[in-house]
Amino acid sequence: MTAYDNQNIFAKILRGELPCYKVYEDDHTLAFLDIMPRSPGHTLVIPKAPARNIIDIKPDDLAHVARVSQKIALAAMTAFKAEGVMIAQFSEPAAGQEVYHLHMHVMPRNEGVALLPPATRKEDPKVLEEHTARMIAALKS
Ligand code: 5GP
């Protein structure tokens, strides 16, 4: 498998070299909004430790990401009044991976509302700011 490349976008976000709409952070993980959401509230959960995807991540790092993904999923359902939530992780180009730092997609879902295809459009920054505030409030409640 290709080695981890520390110039990927999410590594730059982790180092503070690029901004993000942060909703949650702890010692091991960071969660922030996807800027091209497939559903309102689409959030990405990433480990702070370098990992390209599911193939090379250390099990303990994956466990932290899984715990936080559940926390984010519950908050997203509350914040976006969702009936369901979908979690997805793509590993390697054949599976649709485009950013090579492991991330869980957490996408609130409602009955009869289709997901947008990946990378359909960049969301308005004002909308992303409002969604960030909603997620932070739901995480506190
Ligand atoms: P993948 O296909 O690798 O599983 O998903 C990569 C995700 O990263 C996509 O959903 C895409 O919209 C998102 N994305 C790409 N560039 C950026 C960025 O600069 N910031 C954020 N927050 N998300 C990004």
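## Salt bridges at the start of the sheet

A salt bridge here is a side-chain nitrogen of Lys or Arg within 4 Å of a carboxyl oxygen of Asp or Glu. With that in hand, let us look at this predicted model, which holds six salt bridges. One of them joins the side chains of E25 and K22, with an N to O distance of 2.6 Å. This contact does not stand alone, since K22, E25 and K48 are linked in a network of salt bridges.

How accessible are the two partners? E25 has a relative accessible area of 39%, so it is partly exposed. K22 is likewise partly exposed, with a relative accessible area of 40%. E25 also has a place in the strand pairing, where it stands opposite L30 in β2.

## Two more salt bridges

R52 forms a salt bridge with E92, and the closest N and O atoms are 2.8 Å apart. This pair links distant parts of the chain: R52 sits in the loop between β3 and α2, E92 in the loop between β4 and β5, and 40 residues separate them. Are R52 and E92 buried or exposed? R52 counts as buried because its relative accessibility is 7%, and the cut-off for buried is under 20%. E92, at 17% relative accessibility, counts as buried too.

R134 and E130 offer another setting, with side chains that meet in a salt bridge at 3.1 Å, N to O. Both residues lie in helix α3, four residues apart, which is about one turn of the helix. R134 counts as partly exposed at 32% relative accessibility, and E130 counts as partly exposed at 39%.

## Strand β2 and its neighbours

Strand β2 is a good place to pause. Five of its five residues are buried, so β2 is largely enclosed by the rest of the structure. Both of its faces are covered: T29, A31 and L33 lie on one side, L30 and F32 on the other, and all of these are buried.

On one hand, β2 pairs with strand β1 (residues 22-25), to which it runs antiparallel and is joined by three bridges. β1 and β2 form a hairpin, with three residues between them. On the other hand, β2 runs antiparallel to strand β3 (residues 43-47), and five bridges join the two. Within that pairing, L30 stands opposite I46, while the bridge partner of F32 is L44.

## From β3 to β5

β3 is mostly covered as well, with five of its five residues buried. T43, V45 and P47 point one way from this strand, L44 and I46 point the other way, and all are buried.

The pairing continues from β3 to β5, in the antiparallel sense and over three bridges. L44 takes part here too, standing opposite H105 in β5.

## A single aromatic pair

Which aromatic contacts turn up? A search of the whole structure finds one aromatic pair. The rings of F10 and F32 have centres 5.3 Å apart and planes at 75°, so the pair is edge-to-face; the cut-off for that label is over 60 degrees. The contact links distant parts of the chain, with F10 in helix α1 (residues 9-14), F32 in strand β2 (residues 29-33), and their positions 22 residues apart. Both F10 and F32 are buried.

F32 therefore has two roles to follow on screen: the edge-to-face ring contact with F10 and the bridge to L44 in β3.

## Backbone details in the loops

Where do positive phi values appear in residues other than glycine? One case is K81, whose phi is near 45°. K81 is placed in the loop between α2 (59-79) and β4 (84-88), and its relative accessible area of 71% makes it exposed.

Another case is A119, with phi near 55°. A119 belongs to the loop between β5 (104-109) and α3 (125-140), and at 44% relative accessibility it counts as partly exposed. A119 and A66 are 53 residues apart in sequence, and their C-alpha atoms are 24 Å apart in space.

## A nonpolar patch on the surface

To finish at the surface, M1, I54 and I55 form a nonpolar patch with about 310 Å² of accessible area together. I54, one of these residues, is found in the loop between β3 and α2. Its relative accessible area of 40% makes I54 partly exposed.

How values were computed
Residues are numbered from 1 along each chain as its sequence is written. This is a predicted model: local features need pLDDT of at least 70, side-chain atom pairs count only at pLDDT 80 or more; totals for chains, interfaces and linings use all residues. Side-chain values use heavy atoms; hydrogens and water are left out. Rings of Phe, Tyr and Trp (its six-membered ring) pair if their centres lie within 6.5 Å; planes under 30 degrees apart count as stacked, over 60 as edge-to-face and the rest as tilted. Buried means under 20% relative accessible area, exposed over 50%, partly exposed in between (1.4 Å probe, protein chains only). Two strands pair if DSSP finds at least two bridges between them. Patches are made of residues with over 30% relative accessible area and no salt bridge: like charges are joined within 9 Å, nonpolar side chains (Val, Leu, Ile, Met, Phe, Trp, Tyr) within 5 Å. Accessible areas come from the Shrake-Rupley method with a 1.4 Å probe; for residues, only the protein chains shown count as cover.
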